[in-house]
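User: I would like a close look at one part of this model, namely how its helices pack against one another and which aromatic side chains accompany that packing. Please take it step by step, and add a few single residues for context.

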Amino acid sequence: MNKIYKTLIAAAVALPTLTLTGCIEETFPEGSLVTKDMIQEVPGAADSYALGMPSYLKAVFILPAEMHYDFGYPAMMFIRDTMTGDMPVSPSGYDKFTGWRENIYQGPEYLMSQFPWWYYYKLVQTANQTLSSVDAETEDAHMKMLMGYAYGYRAMAYLDLARTYEYLPTDGTSPVNDSGNNVTKLTVPIVTESVDEALARSNPRAPHEQMFEFILGDLDKAEALITSETRTSKTMPDLACIYGLKARLYMWDENYPMAAEFARKAITTSGCTPLTPEEWTSKTDGFNNINSHAWMWGISYVEEDDAVHTAIINPTSWFCNEYVEGYSAVGPYVMMSKSLYDVMKDDDCRKLCFVAPKGSSLEGKEIFIDRNAMINSLGDPIDLPPYSSLKVRPGQGNMTEYLVACAVGVPLMRVEEMIFIEAEAIAHSNPTDGARLLTDFMTKYRCKSFSVLGTDSDAVVSEIINHKRIEFFLEGQSFFDIKRLNLSVTRNYEGSNFYNSCAFNTNGRPAWMNWCIVRQEENGNNALIGWNNPDPSQAYPAPGEGGDDKK
């Protein structure tokens, strides 16, 4: 019997009772004799907690329901791309991300809301535990470095939380929720290593400005601390990554001059260089090798990891159509949207990592590992539809052996992101220079015939964002740009490869990009009662449900 049938687990519907206060109780249980000072006296405690941060990025089954979308930070990346107009999949009974794709079950009472909330606040908890295990006044260089790592991880987590939960205007919901409260620009509660249970039980959502200052404060501390020793692994953020996080933060705040400044500092400090066309299309190392000279920060799966041993509850299984034992190989084929694919010129190297439509000039030129060996775990030939992705390769190009195929790296930050941030940030005030930066990158690394057609700021920014969406397909970045720039998601158009139940068109940012806080968190934190985001579920009619059928 194939691996999916062996490990498939029925979905649970009951919500457990973990809240932010639960996270605090896990660290220091009420009535416990264990104190922060005692933890600091345990030999190796700080190192153990620090190692827990990159390890948690790979966690599986943080929900008792043991859902097969529950595979750590890469699942967050996949969810975000699922919610854009960039990544359709083939309709399939094996698709575990249907709710996010079809804009259903997004309200506060569903597992779809519980999963990211739990995941991110447990990531915050791992950082807080590390900070609690170190004396803040230490002069030890190694301990300072661990604190810097923790501030960096916490900043990354809160920046993701802020950008996903902040309510911004949409065409699908009102900023005034059912309780009559206007939740515009509210983010999430801030929980630090010093927050006690009483404060956690009355901890309101931080407004945009407060959250910005908090994250910037963490990054400033990290910048001051991460100077004393060289990291031993790219799973920890170095100084260049901290600058990269500042660039992301200033982009979220729409402070484009500062974003450009820190993107440039990240590029220079990292010493990283972009992937070459041969590396982008590599059959063995394509977007799976943390040692790549383009990667600034990443996740590293090894053979011993639980996620690898599941064979199917990991990023390779979902991101990689060529891994024949995975989920994507049995039906929910991962594709790029036709509209985004059509943005690329035929000499764009990236286009060779997507299945060309029949009759096109690139048909048969795509770079497969071994097209003839594509037989899935059910024994069926894998007939990938047009626009299917070949971007993310199984480990070492191994299509069948899960201990090899699933032991991969996943990028958290690449130098190319900083190049795109710098180009866009400059283009907002100086479109000529922004266009030049994009052209220089594209003609050298991606497409020799590339040129920017527009000259005004809006046109140049649009060109930059389109190619950033292509560059970071399956890396979870496009969601943030779409939401920040108030871009429409268009899935219903002539030739669209989105199936009808998710073929929505929005006017500006989609309502589903304002995530709801899970209901149980309101039950444990009275400051959240009446201050949740409106439920965006089914805010848009799909074709055949009052919407226009695809032409």
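Analyst: What follows goes through the helix packing, then the aromatic pairs, and finally some individual positions.

The model is a predicted one, so that local features are described where pLDDT is at least 70 and side-chain atom pairs are counted at pLDDT 80 or more.

A convenient place to begin is helix α8, which spans residues 141-165 and whose axis comes within 8 Å of the axis of helix α10, residues 208-225, with a crossing angle of roughly 155°. Angles over 145 degrees count as roughly antiparallel, and α8 and α10 are therefore roughly antiparallel to each other. The sense of this crossing, as α8 passes α10, is left-handed. On the α8 side the contact is made by K144, M145, M147, G148, Y151, G152, R154, A155, Y158, L159 and A162, and these meet M211, F214, I215, D218, L219, K221, A222 and L225 of α10. Sorted by class, the residues of the contact between α8 and α10 are 13 nonpolar, two polar and four charged.

Helix α8 also packs against helix α7, residues 111-132, where the two axes come within 8 Å and cross at roughly 160°. With the same cut-off of 145 degrees for the antiparallel class, α7 and α8 are therefore roughly antiparallel to each other, and α7 passes α8 in a crossing that is left-handed. From α7 the residues involved are S113, P116, W117, Y120, Y121, L123, V124, A127, N128, T130 and L131, while α8 contributes L146, M147, A150, Y151, Y153, R154, M156, A157, Y158, D160, L161 and Y165. This contact of α7 with α8 divides into 18 nonpolar, three polar and two charged residues. Read together, the two contact lists place M147, Y151, R154 and Y158 of α8 against α10 and also against α7.

Turning to the rings, the model has 34 aromatic pairs, counted with ring centres within 6.5 Å. One of them joins Y69 and F115, whose ring centres are 5.3 Å apart and whose planes stand at 45°, so the pair is classed as tilted. Y69 belongs to the loop between α4 (45-56) and α5 (73-82), whereas F115 belongs to helix α7, so the pair ties together parts that are 46 residues apart in sequence. Y69 has a relative accessible area of 2% and is buried, and F115, with a relative accessible area of 0%, is buried as well.

A further tilted pair is formed by F78 and W318, at 6.1 Å centre to centre and with 55° between the planes. Because F78 lies in helix α5 and W318 in helix α15, residues 315-319, this pair ties together parts that are 240 residues apart in sequence. Both F78 and W318 are buried. The two pairs take their place in a cluster in which ring pairs link Y69, F71, F78, Y94, F97, W100, F115, W318, F319 and Y327.

The helix that carries F78 deserves a word of its own, since α5 is mostly covered, with ten of its ten residues buried. Among the buried residues of α5 are Y73, P74, M76, M77 and I79, and the charged side chains R80 and D81 also belong to this list.

Some single positions complete the account. L131, one of the α7 residues that meet α8, is 9.6 Å from S194, C-alpha to C-alpha, although S194 and L131 are 63 residues apart in sequence. S194 lies in the loop between α8 and α9 (197-200), and with a relative accessible area of 61% this serine is exposed.

In helix α21, residues 478-484, one finds D481, which counts as buried at 7% relative accessibility. Apart from its neighbours within four places in sequence, D481 is in contact with E424, I465, K468 and L487.

On the backbone side, most residues other than glycine have a negative phi. F61, which is not a glycine, nevertheless has a positive phi of about 60°; F61 is placed in the loop between α4 and α5 and counts as partly exposed at 23% relative accessibility. Q538 likewise has a positive phi, of about 55°, without being a glycine, and Q538 is found in the segment after α22 (519-524), where its relative accessible area of 63% makes it exposed.

How values were computed. Residues numbered from 1 in each chain as written. Heavy atoms only, no water. Axes fitted to C-alpha atoms, helices over the stretch in contact; angles between N-to-C directions. Helix = DSSP H or I, 4+ residues; strand = E, 2+ residues; numbered from the N terminus. Parallel < 35°, antiparallel > 145°, perpendicular 65-115°, else oblique. Left-handed = near helix turned anticlockwise from the far one by under 90°. Contact = heavy atoms within 4.5 Å. Phe/Tyr/Trp six-rings, centres within 6.5 Å; stacked < 30°, edge-to-face > 60°. Buried < 20%, exposed > 50% of the residue type's maximum accessible area, 1.4 Å probe, protein only.
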